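Thanks for sharing this one; here are my notes, in numbered points. Please have the model open as you read.

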Amino acid sequence: MAVFALAHMSCAGAWAWGDVPGILRAAGHEVVAPDFPLHAGVTPADHARALADAVGRRPARSVVLAGHSYGGLVATVAAELLGEAAAALVVIDGFVVDDGESAFSIHPHRVRGRRAEAEARGDGMWTAGEPGPLLPDWFGRLVPMPISAFEAPVALSGAAASLPSWFVWCTRSDFEPQALRARERGWTVVELDAGHALPLLDPARCAEVLLEAARSVRPSP
């Protein structure tokens with residue numbers, strides 16, 4: 001049995017994993033998927049600590065960390081916090097990050113406009129935009145996210161770089177540069193004909209990649 005530690009996308013909560021946790025549990029695994037605090041001033045390091053604390057003490061090579069979108073930063077930092085307990089890292093259409101980088105520095109075109117809006121309002125919060133009739137129902141559940149989570153650089157020792165790592169590129173998104181980064185690092189890259197919100201759009205395919213990662217690093221019981 002593996003323990004899956006799931007880091008959700010920005011402006012959301014654990015609900016943004018859709019049916020993925022249920023599929024993983026039905027396959028006999030444990031799932032930890034906390035809601036991250038989204039008050040002004042929080043950083044990816046705070047979210048990574050919250051994820052690691054939710055996981056707790058675990059045996060060596062027992063935890064598969066997965067991060068969707070912004071959660072890729074969180075899962076990577078949390079992998080280092082968990083040390084020997086970490087077995088693998090899976091970034092789903094998210095950020096492949098190096099020490100000292102941030103979401104703003106990696107993916108500036110995606111956030112520049114929202115940052116200007118937040119500065120104009122003076123509240124330090126980033127919004128996903130207004131829901132509309134052409135957007136999916138879940139879009140209306142998104143909440144403001146602190147700018148600090150996007151602009152704070154992550155601190156990495158390099159320990160996570162030694163983990164078996166996967167990147168899931170949803171080819172209808174604009175995360176191709178991150179997929180290329182993952183390939184350059186020797187990660188396993190899985191290409192799916194899907195939109196960015198894979199856990200909500202196709203939880204079965206999302207869960208299958210996570211299960212494959214777990215199978216590849218731990219022998220079947």
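1. Overall size first: the chain has a radius of gyration of 16 Å, which agrees with the value near 17 Å for a compact globule of 221 residues. That radius is taken over C-alpha atoms, and the globule rule is 2.2 Å times the number of residues to the power 0.38. Along the principal axes, the C-alpha atoms fill a box of roughly 55 × 40 × 30 Å.

2. A word on the basis: this is a predicted model, where local features need pLDDT of at least 70 and side-chain atom pairs count only at pLDDT 80 or more, while totals for chains, interfaces and linings use all residues. Residues are numbered from 1 along each chain as its sequence is written, and side-chain values use heavy atoms, leaving out hydrogens and water.

3. On packing, 52% of the 221 residues are buried (under 20% relative accessible area, 1.4 Å probe, protein chains only). Of the contacts (heavy atoms within 4.5 Å) between residues at least 6 apart in sequence, 69% join residues at least 24 apart.

4. Now the cysteines: the whole structure has zero disulfides (pairs of cysteine sulfur atoms within 2.5 Å). Cys170 is in none, its nearest cysteine sulfur being that of Cys206, 7.9 Å away; that distance is too far for a bond. Cys170 is buried, with a relative accessible area of 0%, and Cys206 also counts as buried, at 1%.

Conventions: Buried < 20%, exposed > 50% of the residue type's maximum accessible area, 1.4 Å probe, protein only.
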